[in-house]
Amino acid sequence: MLPGPDVAGEAPVPVRPGAAPGGPAVNPVVTRTGTRRWREGAVVAAAFVVCLLGGTVRVEDTLTAPPPASWLLALVSCAVLPARHRRPLAVLAFTTAAGVAAQPLGLLLSPLLIAPALVAAYACTLHVPGERRAAGAVALAAVALLAGSGPLAGDLSWRDASRMATVVAAPLLAGLIGHAVRTRRAYLAAVEERARRAEESRELEARRRVAEERVRIARELHDLVAHQITLANAQATVAAHFFDSRPEQTRVSLRELVETTGHALDELRATVGLLRQTGDTAAPDGPAPGLDRLPDLLESFRRAGLEVSVREEGAARALPPGVDLTAYRIVQEALTNVTKHAAGRGARVGLDWGGGRLTVTVSDDGGAAAGPPALSDRPPGYGLIGMRERAAAVGGKLTAGPRPEGGFLVTARLPLPPVRESATADEEGRTA
């Protein structure tokens, strides 16, 4: 039931979040403003009372009722204190001048009588830009009060000297307290700023890691699944092409299609299961593929109708896991692209172990199609981007482009570890 107008025809008043139903809404800005005003009034009232009490002290250390001059001095000097945050230098100068005028008015200049000047000195060190400027203003005020606290007649006694020393020390002490508070506030502001920047840096780093993880997951899913799906598509195309003319070949292609889709499901299940793991214990169920599984990979493409030949030069060496996986994935993706986009049905894979690096090349013959049509009508994907990212991740470089004689060539140059490290890794593998 929707809330409607009340009996008088007025719309109901909405309740602010955090306020009790039927109670007044609480505005935090208004609350802070009220607290600040109350604190301001308390400071001014305390300075007025202390200044008024200072007017009761006489030279002979007797106490009397506050004379009219004391009331006048307290009212005038405290009236300007509310402006000390906006005009600290002017307020300090005015309250200091009022303190200097105390003795000509028949009052004894003491730290109690200059309480408004002490409040102004404290505010000056807090709000004046530049620490040297604030310190200079407080020092000038102390010198002025020193000059105005001397006896107007007679000799200077020890009692007068001690009183003058306290009058000079009082504004300096107030300035030191203000400087300490200012330094503390600056330190806390710097700590808060560093914490804010650190939080922003952590958020940016978290976003960067999330983006990198998304790219890695997309690349892994592409490499693991796209290969099997492409082979399944090619085998289905072969089966459809020979469905009427060669039934036996169709049966073979369908059996291979069932086997390929089964492998695809297994790899997809393993990948998704790995992504669902949490914590630092997330690890694949088996070792990552490498060049030792290259014959099985090439055989899967041959069953899909792609004629693949291999040429290897130099002495093979043990590879770090990252480089081994990268080389395998580059061959897999390059042959998958040949199956999807090349007009011909032949490809060549080259492995060159010379020059301190492993050079992996994959090229297609670029000839006319000899059998079922290639899957060249498919839109381009992210295969080349993923291969370049993989090569760059291990410190290598990948280039791809058409060949002058026809076809397409993919070349990846991957760094090899030093011979001693390679031999150590090979011995550890044999020991395991």
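## A tour around helix H4

Start by selecting the buried residues of H4: Ala-115, Pro-116, Ala-117, Leu-118, Val-119, Ala-120, Ala-121, Ala-123, Cys-124, Thr-125 and Leu-126. Keep in mind as you look around that this is a predicted model. That selection covers most of the helix, with 11 of the 13 residues of H4 buried.

**Check the length of H4.** Put a distance between the C-alpha atoms at its two ends, and you should read 19 Å. At 1.5 Å a residue, the 13 residues of H4 should span 18 Å, so the model agrees with the expected value.

**Zoom in on Ala-115.** This residue lies in helix H4. Is Ala-115 buried or exposed? Its relative accessible area is 9%, and because the cut-off for buried is under 20%, Ala-115 counts as buried. Now show what surrounds it: setting aside neighbours within four places in sequence, Ala-115 is in contact with Ala-47, Val-50 and Cys-51. Then add Cys-78 to the view, which is 37 residues from Ala-115 in sequence. In space, the C-alpha atoms of Ala-115 and Cys-78 are 9.0 Å apart.

**Bring in H5.** Select residues 131-148 for helix H5, and keep residues 115-127 of H4 on screen. How do the axes of H4 and H5 cross? They come within 8 Å of each other, at an angle of roughly 165 degrees. Angles over 145 degrees count as roughly antiparallel, and H4 and H5 are therefore roughly antiparallel to each other. As for handedness, H4 passes H5 in a right-handed crossing.

To see where the two helices meet, show side chains for Ala-121, Cys-124 and Thr-125 on H4, and for Ala-134, Ala-137 and Val-138 on H5. Colour this set by residue class and you will find 5 nonpolar residues, 1 polar and no charged. From the H4 side of this contact, Ala-121, Cys-124 and Thr-125 are also among the buried residues you began with.

**Travel along to H9.** Next, select residues 321-341, which form helix H9. Its end C-alpha atoms are 30 Å apart, and the 21 residues should span 30 Å at 1.5 Å a residue, so here too the length agrees. H9 is mostly covered, with 18 of its 21 residues buried.

**Zoom out.** Finally, show the whole protein as a cartoon, and look for its 11 helices and 5 strands. Colour by burial, and 36% of the 432 residues in the protein come up as buried. Among contacts between residues at least 6 apart in sequence, 69% join residues at least 24 apart.

Notes. Residues are numbered from 1 along each chain as its sequence is written. This is a predicted model: local features need pLDDT of at least 70, side-chain atom pairs count only at pLDDT 80 or more; totals for chains, interfaces and linings use all residues. Side-chain values use heavy atoms; hydrogens and water are left out. Axes are lines fitted to C-alpha atoms, for helices over the stretch in contact, and angles run from 0 to 180 degrees between N-to-C directions. Helices (H or I, at least four residues) and strands (E, at least two) are DSSP runs, numbered from the N terminus. Angles under 35 degrees count as roughly parallel, over 145 as roughly antiparallel, 65 to 115 as roughly perpendicular and the rest as oblique. A crossing is left-handed if the near helix is turned anticlockwise from the far one by less than a right angle, and right-handed if clockwise. Contact means heavy atoms within 4.5 Å. Ala, Val, Leu, Ile, Met, Phe, Trp, Tyr, Cys and Pro count as nonpolar, Asp, Glu, Lys and Arg as charged, and the others, Gly among them, as polar. The expected span of a helix is 1.5 Å times one less than its number of residues. Buried means under 20% relative accessible area, exposed over 50%, partly exposed in between (1.4 Å probe, protein chains only).
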